[in-house]
Amino acid sequence: MGFISGFKESLGGWIKRIFKKKRAKIGLYGPPNAGKTTLANRIVHDWDEDDSFGEVSPIPHETRRAMRKEGVVIDANGSSIELDIVDTPGMATKIDFKEFMAYGLSEMEAKKRAKEATEGVIEAIKWLDDLDGVLLVMDSTEDPYTQVNVTVIGNMEARKLPLLIVANKMDLPNASPARIKAAFPQHAMVPISALEGLNIDELYQAIATHFG
Amino acid sequence: MIFMREVQMDLISGEKLEKMTSMEKVRLILDKVKTGRIVVLESGLTPDEEVRLIEMTMTEIRVDEFSGIEIESYPSKKEGSFLDKLFGKALKGRMTVIGPANQIRTIEKDKYQIITKVSVGD
């Protein structure tokens, strides 16, 4: 019995290896409020017909726990890629609870959010060790030379892992994806609006090319 | 009468940094920054050391005491011999300025210059 079940398992594994789709575990990284969860929701909505990833909010650090969605299949450029998508909390070097109070949170709520946000940043950092690639989401209305962007890019380069820059919020009047391209010319960049779905097909093609 | 307050600035040489382990660098930086000093590293940190510094900073944030750091560096520069590149040792850290988040503010940053403003607390 041991021999037969062992044979079945190895045969099953062999068939799976031959016919399996290209698969990659991709992390969505970026500063708070860049639109990571909005993009994660968009991808899941477009390809998984499932519920959304998480809530979005104008208050920074709305996502304070990394969330993973397995087996999202994207078909683009005539090929198919299966993604495990990890939506990570916003990376930051400072977290001050008073910043949250400016958005109307009580002192107690703000302190709780700040504590959870610090834990979220640590979680996002830990995930870097367990990914096959990164979608670095930047707010294209903001200065791209932030330390978070520089640090994430530096880490991907040092680990020799694929990185695709997503210049989000291109629908806003003061958006400047060109400024992001000029800042990090060595990396591919796709301008999109995750909220409006603008240019999203181009992003899916780039994902299939980069991570497939 | 004009009262002048001072800010201590510690400029740490590349030679000193070279002799330190990653953990020693992170500890040195945080100990200095938490006492209100501005630290300038001649040769900066590696990308991995930068995330370790951010990670350690998060564990040390305390309400009304320490809200984190402001850190600014230039993007890593690829240098070195063919063998360095082959073994992934070619990414060199570059000059980096680090200070308490409530005291240092970046005014402008691009590929070639970092302009920061340091405010003096009460």
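Tutor: Let's begin with a term: the expected span of a helix is 1.5 Å times one less than its number of residues. We will use it on this structure, which is a predicted model.

Student: Happy to start there. How does the reach of helix 2 of chain B stand against what is expected?

Tutor: Helix 2 of chain B covers residues 22–33, twelve residues in all, and from first C-alpha to last it reaches 17 Å, close to the expected 16 Å. Helix 7 of chain A, residues 200–211, also has twelve residues, and its reach of 16 Å is close to the 16 Å expected.

Student: Which residues of helix 2 of chain B are buried, and what do they pack against?

Tutor: The buried ones are B:Lys25, B:Val26, B:Leu28, B:Ile29, B:Leu30, B:Lys32 and B:Val33. Their packing partners in chain B include strand 1 (9–12), strand 2 (38–41) and helix 3 (47–60).

Student: What makes B:Glu60 and B:Arg27 a salt bridge?

Tutor: The rule asks for a side-chain nitrogen of Lys or Arg within 4 Å of a carboxyl oxygen of Asp or Glu. In B:Glu60 and B:Arg27 the closest N and O atoms are 2.8 Å apart, so the pair meets the rule. B:Glu60 lies in helix 3 of chain B and B:Arg27 in helix 2 of chain B, so the pair ties together parts that are 33 residues apart in sequence.

Student: Are B:Glu60 and B:Arg27 buried or exposed?

Tutor: Buried means under 20% relative accessible area, and exposed means over 50%. B:Glu60 has 11%, so the word buried applies. B:Arg27, at 27%, falls in between, so it is called partly exposed.

Student: On chain A, what makes A:Lys169 and A:Asp139 a salt bridge?

Tutor: Their N-to-O distance is 3.2 Å, which is within 4 Å, so they qualify. A:Lys169 sits in the loop between strand 5 (163–168) and helix 6 (177–183), and A:Asp139 in strand 4 (133–139), so this pair ties together parts 30 residues apart in sequence. A:Asp139 is buried at 12%, whereas A:Lys169 is partly exposed at 21%.

Student: How are A:Lys111 and A:Glu107 placed in helix 4 of chain A?

Tutor: A:Lys111 and A:Glu107 are four residues apart in that helix, which runs over residues 107–127, so about one helical turn separates them. Their closest N and O atoms are 2.8 Å apart, and they form a salt bridge.

Student: Why is A:Asn149 called buried?

Tutor: A:Asn149 has 2% relative accessibility, and the limit is under 20%, so it counts as buried. A:Asn149 belongs to helix 5 of chain A, residues 147–159. Leaving aside neighbours within four places in sequence, the contacts of A:Asn149 are A:Pro31, A:Leu136, A:Met138, A:Pro144 and A:Phe184.

Student: Back in chain B, what makes strand 2 and strand 6 a pair?

Tutor: Pairing takes at least two bridges, and these strands have three, so they pair, in the antiparallel sense. One such bridge partnership is B:Val39 with B:Ile98. Strand 2 of chain B also runs parallel to strand 1, joined by four bridges, and here B:Ile12 stands opposite B:Leu41.

Student: Which way do the residues of strand 2 of chain B point?

Tutor: B:Ile38 and B:Val40 point one way, B:Val39 and B:Leu41 the other, and all are buried.

Notes
Residues numbered from 1 in each chain as written. Chains lettered and ligands numbered in written order. Predicted model: local features only at pLDDT ≥ 70, side-chain atom pairs only at ≥ 80, totals over all residues. Heavy atoms only, no water. Buried < 20%, exposed > 50% of the residue type's maximum accessible area, 1.4 Å probe, protein only. Contact = heavy atoms within 4.5 Å.
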